[in-house]
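Biologist: I want to learn how to read a model feature by feature. Could you take me through one?

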Amino acid sequence: MVFQVSHTTSYDYENDVTFCHNIATLKPKTLAGQVLLDYQLEITPTPSELTERVDFFGNYITRFSLQKEHKKLKVTAISKVSRNYEEQPDINTSEKGKHITLKEALGALKSNEEHIIDARQYILESILIAKITPEIKAYAEVSFKPNRPVFEAAFELMQRIYTEFDFDPTFSNVATPIHEVIKAKKGVCQDFAQIAIACVRSVGLPARYISGYIETLPPPGKEKLIGADASHAWFSVYIPGFGWVDFDPTNNQIPKNQHIIVAWGRDYYDVPPLKGVIYSTGKNKMNVSVDIRPFEDIKS
C-alpha cells in the first residue's frame, strides 16, 4: 500500500509573536516494511532558519525559527509512504523469539552485546513514565509470569487495556500522570501506550513509545472525511532472540499496513509532532488536521 499523509498544525495568536523556535518530528521513518518515498514540509510564514538532523533515537527532526512578527503559524507535512508489513520480521516465524519466557528474557538482557545495551535504555524511567506505582506493577503481573512467553504476555496486556480502558479524549492531556490514567481506566491512545510501557518496564523489560499514524476507514457506504485521521501512538516491546514487536492497545491489534511509523522514544515527550517556544503575550488557539489516503485515490 502507498499512502499520502497530510498533517497540518496551525496556531492563531491573540497578539503578535516576535520570535519562535520550534522542533518538528513529522518525517516518517524508512525501515523494514516501510519506505518514505517523498516528503515536503511547508511552513508559513517562511522561517529565517531551518535545519534537519537525526536525533539520538534515530528520528528525523527539523528545527526552524521565525524572527519576524506574525499572528499565525501553519506547518504542513506531506509524506508519501509505501507500507508492506510482509517485508518486516514476523514474530510468528521465530520459534525462539515467540516462546522465550520472561525469566529467560531477563537473563538474556544481562548480555553486553551492542543491540542488548541499546534496548536496555528503554527499561529506565523517562520524563512521563517516571514513577512505577504498585498499582501499575500489579496490573502488569496479571499477564507477565516468569515462565510465560513474553510475546503472549504482551499480547494479553494489549487486549486487557483495549477491553478495560475507555477511550475518552476529554479526560487527559499530555501532562496527565499515568497513575491517574490507570486509576480512572480511561484516556486516549497516548495514555494507553504509556500505561503499557510502564507495565512492561515494571517487570524489567524494554518498551518504547511509537508515534505515527493509522488510516481510519469510514463506515460502509460513507465518504471518508478529510482530516478525520489523527496522530496515533502505540507501544513496542523488545524480545531477546527476535527484536522489537509493536502492539496497538487502542485498536487491539499488532500494527500492519494501516500503521505508519514516524518516530520512537521513551515516551511522548521525546517525539511530539511539534514543540517550541514563543515570545508573545495573550492566548493562542491550535488546530490539528491529519488526512491519510491511498495514493491511488488521490491520483484518481
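Modeller: Gladly. Keep in mind that this is a predicted model. We start at a pocket. Strand 9, strand 10, strand 11 and strand 12 each supply at least two residues of the lining of the second largest pocket.

Biologist: Which strand gives the most to that lining?

Modeller: Strand 11 does, with 4 residues. The lining of the second largest pocket has 26 residues. Nearest its centre lie Gln88, Pro89, Trp244, Val245 and Asp246.

Biologist: How much space lies in the second largest pocket, and what is its lining like by class?

Modeller: The space is about 600 Å³. The lining divides into 14 nonpolar, 6 polar and 6 charged residues.

Biologist: Those strands come up together. How do I read a sheet order?

Modeller: Read the order as a row of neighbours. Here 4 strands form an open sheet, 11-10-9-12, with antiparallel pairing. Strand 11 (243–247) and strand 12 (259–265) each have a single partner strand, so they stand at the edges and one side of each has no neighbour in the sheet.

Biologist: By how many degrees are neighbouring strands of this sheet turned against each other on average?

Modeller: By 35 degrees, with direction ignored.

Biologist: What does one strand pair look like up close?

Modeller: Take strand 9 (residues 207–214) and strand 12. They pair in the antiparallel sense over 6 bridges. For a landmark, find Ile210: Trp264 in strand 12 stands opposite.

Biologist: Which helices pack on this sheet?

Modeller: Helix 5 (residues 150–164) packs on the sheet and touches strand 10 (231–239) and strand 11. The direction of helix 5 makes about 155 degrees with that of strand 10. Helix 7 also packs on the sheet, touching strand 9 and strand 10. For helix 7, the angle with the direction of strand 10 is about 15 degrees.

Biologist: Now helix against helix. What should I look at?

Modeller: Look at the axes, the crossing angle and the residues in contact. The axes of helix 4 (residues 134–141) and helix 7 (residues 189–202) come within 8 Å and cross at roughly 80 degrees. That angle is why helix 4 counts as roughly perpendicular to helix 7.

Biologist: Which residues make the contact?

Modeller: Helix 4 brings Ile136, Lys137, Tyr139 and Ala140. Helix 7 brings Ala198, Cys199 and Ser202. By class, this contact of helix 4 with helix 7 has 5 nonpolar, 1 polar and 1 charged residue.

Biologist: Back to open space. What about the largest pocket?

Modeller: Ask for its volume, then its lining. The largest pocket holds about 1100 Å³ of space. It is lined by 43 residues. Gln190, Ser231, Tyr268, Pro273 and Val288 lie nearest the centre.

Biologist: Which elements each supply at least two residues of that lining?

Modeller: Strand 1 (2–17), helix 7, strand 9, strand 10, strand 13 (274–279) and strand 14 (284–294). The lining of the largest pocket divides into 21 nonpolar, 18 polar and 4 charged residues.

Biologist: And how do I read a cavity?

Modeller: A cavity is closed to the probe: the probe fits but cannot get out. The structure holds 1 cavity of 30 Å³ or more. About 30 Å³ of space lies in the largest cavity. Its lining is His7, Thr25, Leu26, Ser211, Gly212, Tyr213, Ser231, Val262 and Pro273. Strand 9 gives the most to this lining, with 3 residues. By class, the lining of the largest cavity has 4 nonpolar, 5 polar and no charged residues.

Biologist: How are the strands of the other open sheet ordered?

Modeller: The order is 4-5-2-13, for 4 strands with antiparallel pairing. Strand 4 (49–54) and strand 13 are the edge strands, each pairing on one side only. Neighbouring strands of this sheet are turned by 15 degrees against each other on average, direction ignored. Strand 4 and strand 5 (residues 60–66) pair over 6 bridges, in the antiparallel sense. In strand 5, Arg63 stands opposite Thr51.

Biologist: Last, the backbone. What is usual there?

Modeller: Most residues other than glycine have a negative phi, and most peptide bonds are trans. Now the cases here. Thr44 and Pro45 are joined by a cis peptide bond, with omega about 0 degrees. Pro45 sits in the loop between strand 3 (34–44) and strand 4. Lys185 is not a glycine, yet its phi is positive, about 60 degrees. Find Lys185 in the loop between helix 6 (178–184) and strand 8 (186–187).

Key:
Residues numbered from 1 in each chain as written. Predicted model: local features only at pLDDT ≥ 70, side-chain atom pairs only at ≥ 80, totals over all residues. Heavy atoms only, no water. Axes fitted to C-alpha atoms, helices over the stretch in contact; angles between N-to-C directions. Parallel < 35°, antiparallel > 145°, perpendicular 65-115°, else oblique. Contact = heavy atoms within 4.5 Å. Nonpolar A, V, L, I, M, F, W, Y, C, P; charged D, E, K, R; others polar. Pairing = 2+ DSSP bridges. 1 Å grid on protein atoms, 1.4 Å probe; cavity = no way out; pocket = protein on both sides within 12 Å on 5 of 7 lines; lining within 4 Å. Points joined across faces, edges and corners; volume = space filled by probe spheres on them.
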